[in-house]
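Reader: Hi! Have you got a few minutes to go through this one with me? I'd like to start with some side chains and then move on to the pockets.

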Amino acid sequence: MIATDRLTLLPLEVEYAEPMAEVLSDPALYTFTGGEPPSVAALDARYRRQLAGLGRPNEQWLNWVIKYDDTLIGYVQATVIDGTAEIAWVVGTAWQGRGFAKEAAQGLVTWLRAQRVGRIIAHVHPDHTASAAVAAAIGLARTDVLEDGEYLWNTADPA
């Protein structure tokens, strides 16, 4: 568990599939990432895969749901490989515009730093200004590297 001022980041559990399917049900969430809202069954299967991980010794899949008051409102995740964490965040549309994505992502970054992760990266669609603002607010800088249609944002490479 990771706690911030307003949020609790709870480690992913399969039991969260049903409430998270509702959180992720707005097609507008997929404007920049593609895809469509997942069904409860699809989310259940995804969560089972995420919890199992890939089984590679140098790779960790870390996933949390974001809880505000008594409601799940989104998720954060990190894939850590050889000291670099690639992070992502999603907050349901009903809770956007209140700083929750920034707070959750900052909580994740603070936790990763405490685990001695040396570099943090994210990929953000060029037109997704809200996610770009979150990335900048948590200390990432946009690079000129475009991968699969998204800019790479990162912390300074460790010396």
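Reader: Is phenylalanine 100 buried or exposed?

Author: Phenylalanine 100 is buried, at a relative accessible area of 1%. Bear in mind that this is a predicted model.

Reader: Thanks. And how many aromatic pairs turn up in the whole structure?

Author: The search finds two aromatic pairs. In one of them, tryptophan 64 and tryptophan 111 sit edge-to-face, with 5.2 Å from centre to centre and 70° between the planes.

Reader: Where in the chain do those two tryptophans sit?

Author: Tryptophan 64 belongs to strand β3 and tryptophan 111 to helix α3, so the pair links distant parts of the chain, 47 residues apart. Tryptophan 64 is buried because its relative accessibility is 6%, under the 20% limit. Tryptophan 111, at 27%, counts as partly exposed.

Reader: What about tyrosine 68 and phenylalanine 100, how are their rings arranged?

Author: That pair is tilted: the ring centres are 4.6 Å apart and the planes meet at 45°. Tyrosine 68 is in strand β3 and phenylalanine 100 in helix α3, so this pair ties together parts that are 32 residues apart in sequence. Tyrosine 68 is partly exposed, with 23% relative accessibility, whereas phenylalanine 100 is buried.

Reader: Nice. Staying with β3, what does the side chain of glutamate 59 contact?

Author: The side chain of glutamate 59 makes a polar contact of 2.7 Å with the side chain of tryptophan 61. Glutamate 59 is placed in strand β3. Not counting residues up to four places away in sequence, glutamate 59 touches Leu54, Thr79, Val80 and Ile81.

Reader: Why does glutamate 59 count as buried?

Author: Its relative accessible area is 14%, and buried means under 20%, so glutamate 59 falls in that class.

Reader: Changing topic: where is glutamine 96?

Author: Glutamine 96 lies in the loop between β5 and α3 and is partly exposed, at 42% relative accessibility. Its side chain reaches the backbone oxygen of valine 91 at 2.8 Å. Leaving aside neighbours within four places in sequence, glutamine 96 is in contact with Leu29 and Val91.

Reader: How far is glutamine 96 from alanine 130 in space?

Author: From C-alpha to C-alpha, glutamine 96 and alanine 130 are 9.3 Å apart, with their positions 34 residues apart in sequence.

Reader: OK, pockets now. What's the volume of the largest pocket?

Author: The largest pocket has a volume of about 1,200 Å³. It is lined by 47 residues, and Thr33, Tyr75, Ala88, Trp89 and Val90 are the closest to its centre. Elements giving two or more residues to that lining include α2, β4, α3 and α4.

Reader: Which element gives the largest share of that lining?

Author: That would be β5, with six residues. Sorted by class, the lining of the largest pocket has 26 nonpolar, 15 polar and six charged residues.

Reader: And how much space lies in the second largest pocket?

Author: About 210 Å³. Of the 18 residues lining the second largest pocket, Gln50, Leu51, Trp61, Leu62 and Asn63 are the closest to its centre. The elements that give two or more residues to that lining are α2 and β3, and the largest share, six residues, comes from β3.

Reader: How does that second lining divide by class?

Author: The lining of the second largest pocket has 11 nonpolar, five polar and two charged residues.

Technical notes:
Residues are numbered from 1 along each chain as its sequence is written. This is a predicted model: local features need pLDDT of at least 70, side-chain atom pairs count only at pLDDT 80 or more; totals for chains, interfaces and linings use all residues. Side-chain values use heavy atoms; hydrogens and water are left out. On a 1 Å grid over the protein atoms alone, a cavity is a set of points where a 1.4 Å probe fits but cannot get out, and a pocket is an open set with protein on both sides within 12 Å along at least five of seven lines; lining residues have an atom within 4 Å of a point. Grid points are joined across faces, edges and corners, and a volume is the space filled by probe spheres set on the points. Helices (H or I, at least four residues) and strands (E, at least two) are DSSP runs, numbered from the N terminus. Ala, Val, Leu, Ile, Met, Phe, Trp, Tyr, Cys and Pro count as nonpolar, Asp, Glu, Lys and Arg as charged, and the others, Gly among them, as polar. Buried means under 20% relative accessible area, exposed over 50%, partly exposed in between (1.4 Å probe, protein chains only). A polar contact is a pair of N or O atoms within 3.5 Å; within protein, one must be able to donate a hydrogen and the other to accept it, and residues adjacent in sequence count only if both atoms are side-chain atoms. Contact means heavy atoms within 4.5 Å. Rings of Phe, Tyr and Trp (its six-membered ring) pair if their centres lie within 6.5 Å; planes under 30 degrees apart count as stacked, over 60 as edge-to-face and the rest as tilted.
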